[in-house]
Amino acid sequence: MVKKIVLTLFLGINFLIAQNTEYWQQHVDYTMDVAMNVENYQYDGTQKLVYTNNSPDTLNRVYYHLYFNAFQPGSEMDIRLQTIQDGDGRMMNEGASRIATLTANEIGYLHVQSLTQNGKAVKFNEEETILVVDLAEPILPGGTATFDMEFKGQVPLQIRRSGRNNREGVALSMTQWYPKMAEYDFEGWHPNPYIAREFHGVWGDFDVKITIDKEYVIGGTGYLQNPNEIGHGYEAPETKVKTKGKTLTWHFKAPMVHDFAWGADSEYVHDIVEMENGPDLHFFYKDNDEIRENWKNLQPKTVAAMEFFNKNVGEYPYEQYSVIQGGDGGMEYAMCTLITGERSFGSLVGVMVHEMAHSWFQHVLATNESKHSWMDEGFTSFISSLCMNQIMEQGKENPFEGSYKGYFNLVRSGFEQPQTTHADRYDKNFAYGVAAYSKGSIFLAQLGYVIGQDKLMESLRKYYSDFKFKHPTPNDIKRTAEKVSGIELDWYLTDWTQTTNTIDYGVKEVVADGNKTKIVLERKGLMPMPLDILVVDTEGNSSIYYVPLRMMRGEKVNPYPSLDRTVSEDWPWAYPTYELILDMPLENLAGLNIDPSQLMADIERTNNIWQAE
Ligand SMILES: [Zn+2]
């Protein structure tokens, strides 16, 4: 009897452990067939979606995103725009919401006409940008279900990201355009309304047919299956393309992506650059004298950027990448980007580099953008700053300087909220922007200060190779860096991303101590950091003193190999001060500088420096 009870308990515990640690992700395969009317911007479509439930849970409901319903007066997106203190200028006209004034034939919509699960009708209800579906029968763990749907849409006037007739005259920016299954993961469902930010999708294969006026050229996600029927630059060399009728049906397939986007215009130029050891790069831009030269010069820079990311993060896994003129600035999608094209050359390269970097940090490492925007926008900003510095020969000593300035401004403004804030729930767009882009970029730049630059880049490459085609979480980048560096980093992840604690270290006192010199350092901010201290003597000789943080349980290698480094005792965080003894008399000391690299985001740098009178 006693034995039996113990055995039962054991089984129970083992089961719980297995449930908590085993990674799984859902899978979707879409087959869609849509017809676009280029006169009234309405479209009809069918969608067959085969859903595989790899979770340990039985599902009784599913949710779809219906993003285009956001572009209607009174939508959550509209009301948020009207009530946030610093509304997005792209979406406003003289301070007023552009969504609020859309007429019936200018709004966007996406409506589901019919929906069945394995041939049986299901109950579904549209709640603006989310479709709530009560299933006809539960989907068991490991089970699949086939959903057949008919839908109807209208492309809104371009307000944000998607839309028709953007300000550069691109006819169709077709992003967030189809009913898209919401993600279900270890945290549960993510039926996140479309208010401002949107990415978290289910991995799967897409098979998409688009029927459109035959004058239109399409660029987007996926490989074109019928290039010799379509032409428009896709056909094999010297193929004569014969078309009948007024429309063409374009057939695309995209394997292992979590989104599908496209742009179309009747005036697109279509250039293809075949990379030697890389994907084919496609460029779609308006046939316009003012931008043609920039778009030609952009092409070798796109090759250089692809090579940079391949080398520094990991191989781009698809055979195609497209840079498409469209949208309202720059936005990343699977295997492509939509960017506005009437820019200076530097700005055009900058936006291409940023959006292409998202191919790694969003479209292959598919983080939940609503919850961890710093992992896609921040990491993208980090790697694109490095890339721009190289391919545009900027020669910046600290390519992240702009990110630090932005972060310090945010801290001083008093509007900072922790990076764990949902991307739609920041008080101000300004606070979201700096937290996601600047503070997110500093997460990595400063991690390089903590564990060393080589270990940082090695961590990034390992993170990519371990988590590609998955949904990594903040802990995954932290654990990767811990494994690569041998340094404990829990304190770094928690303080930097989950709080608004700041870093401020300073030199409090410098006094003679016989033949030596006593330096009293102080920690004024709550966030802990290890310290590199540059010491310069009166003869101009420099050396480095390194004060590791005790809770790191490890040390980085000397980041200044040309200088002698003294590794001092660990600093236990709770102590507000620390005594560093220099092996030189005070009169020989010319100056001190805490963190000469300026990669530590110390909010008050004036007290980092001490100079002899
Ligand atoms: Zn971005």
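Guide: Rings of Phe, Tyr and Trp form an aromatic pair if their centres lie within 6.5 Å. The model above is predicted.

Visitor: How many aromatic pairs does a search of the whole structure find?

Guide: The search finds 46. Take Y30 and Y178 as one of them.

Visitor: What makes Y30 and Y178 a pair, and why is it called edge-to-face?

Guide: Start with distance. The ring centres are 5.6 Å apart, and the limit is 6.5 Å. That makes a pair. Now the angle. The planes meet at 85°, and anything over 60 degrees counts as edge-to-face. So the pair is edge-to-face.

Visitor: Where do Y30 and Y178 sit along the chain?

Guide: Y30 is in strand β1, residues 27-37. Y178 is in the loop between β12 (172-174) and β13 (180-181). The two are 148 residues apart, and the pair links distant parts of the chain.

Visitor: How do you know whether Y30 is buried or exposed?

Guide: Check its relative accessible area, which is 3%. Buried means under 20%, so Y30 is buried. Y178 has 1%, so Y178 is buried as well.

Visitor: What kind of pair do W203 and F469 form?

Guide: Another edge-to-face pair. The centres are 5.4 Å apart, with 70° between the planes. Both values meet the cut-offs, within 6.5 Å and over 60 degrees. This pair also links distant parts of the chain, 266 residues apart. W203 lies in the loop between β15 (188-189) and β16 (204-213). F469 lies in the loop between α9 (453-467) and α10 (474-485).

Visitor: Why does F469 count as partly exposed?

Guide: F469 has 22% relative accessibility. Partly exposed runs between 20% and 50%, so F469 falls in that class. Its partner W203 is at 0%, so W203 counts as buried.

Visitor: What makes the charged end of K556 count as sitting over the ring of Y449?

Guide: One test is distance. The charged end of K556 is 4.3 Å from the ring centre, and the limit is 6 Å. K470 sits over the ring of Y23 in the same sense, 5.6 Å from the centre.

Visitor: Which residues are the protein donors of the zinc ion?

Guide: They are H354 and H358, each through NE2, and E377 through OE. Their spacing along the chain is H-x3-H-x18-E.

Visitor: How do you know that they are donors?

Guide: Donor atoms lie within 2.8 Å of a metal such as zinc. These lie 1.9 to 2.1 Å from the ion, so they qualify. H354 and H358 are both buried.

Visitor: What is the volume of the largest pocket?

Guide: About 850 Å³. Its lining has 46 residues, and the closest to the centre are R90, R160, Y432, G433 and Y437. Several elements give two or more residues to this lining, among them α2 (76-83), β24 (330-333) and α8 (429-451). By class, the lining has 16 nonpolar, 14 polar and 16 charged residues.

Visitor: How many cavities of 30 Å³ or more does the structure hold?

Guide: One. The largest cavity has about 50 Å³ of space. Its lining includes D185, F186, H200, N368 and H471. The lining divides into three nonpolar, six polar and two charged residues.

Visitor: What makes the phi of H232 worth a look?

Guide: Most residues other than glycine have a negative phi. H232 is not a glycine, yet its phi is positive, about 55°. H232 is in the loop between α3 (227-230) and β19 (247-257). At 27%, H232 is partly exposed. Y41 also has a positive phi, near 60°. Y41 lies in the loop between β1 and β2 (42-52). At 13%, Y41 counts as buried.

Visitor: Why does A574 count as exposed?

Guide: Exposed means over 50%, and A574 has 57%, so A574 is exposed. A574 lies in the loop between β30 (565-567) and β31 (577-582).

Visitor: How far apart in space are A574 and G540?

Guide: They are 35 Å apart, C-alpha to C-alpha, and 34 residues apart in sequence. P193 and H65 are 128 residues apart in sequence and 7.7 Å apart in space, again C-alpha to C-alpha.

Key. Residues are numbered from 1 along each chain as its sequence is written. This is a predicted model: local features need pLDDT of at least 70, side-chain atom pairs count only at pLDDT 80 or more; totals for chains, interfaces and linings use all residues. Side-chain values use heavy atoms; hydrogens and water are left out. Donors are N, O and S atoms within 2.8 Å of the metal (3.2 Å for Na, K and Ca); water is not among the atoms, so sites may look incomplete. Buried means under 20% relative accessible area, exposed over 50%, partly exposed in between (1.4 Å probe, protein chains only). Rings of Phe, Tyr and Trp (its six-membered ring) pair if their centres lie within 6.5 Å; planes under 30 degrees apart count as stacked, over 60 as edge-to-face and the rest as tilted. Helices (H or I, at least four residues) and strands (E, at least two) are DSSP runs, numbered from the N terminus. A charge sits over a ring if NZ of Lys or CZ of Arg is within 6 Å of the ring centre and within 35 degrees of the ring normal. On a 1 Å grid over the protein atoms alone, a cavity is a set of points where a 1.4 Å probe fits but cannot get out, and a pocket is an open set with protein on both sides within 12 Å along at least five of seven lines; lining residues have an atom within 4 Å of a point. Grid points are joined across faces, edges and corners, and a volume is the space filled by probe spheres set on the points. Ala, Val, Leu, Ile, Met, Phe, Trp, Tyr, Cys and Pro count as nonpolar, Asp, Glu, Lys and Arg as charged, and the others, Gly among them, as polar.
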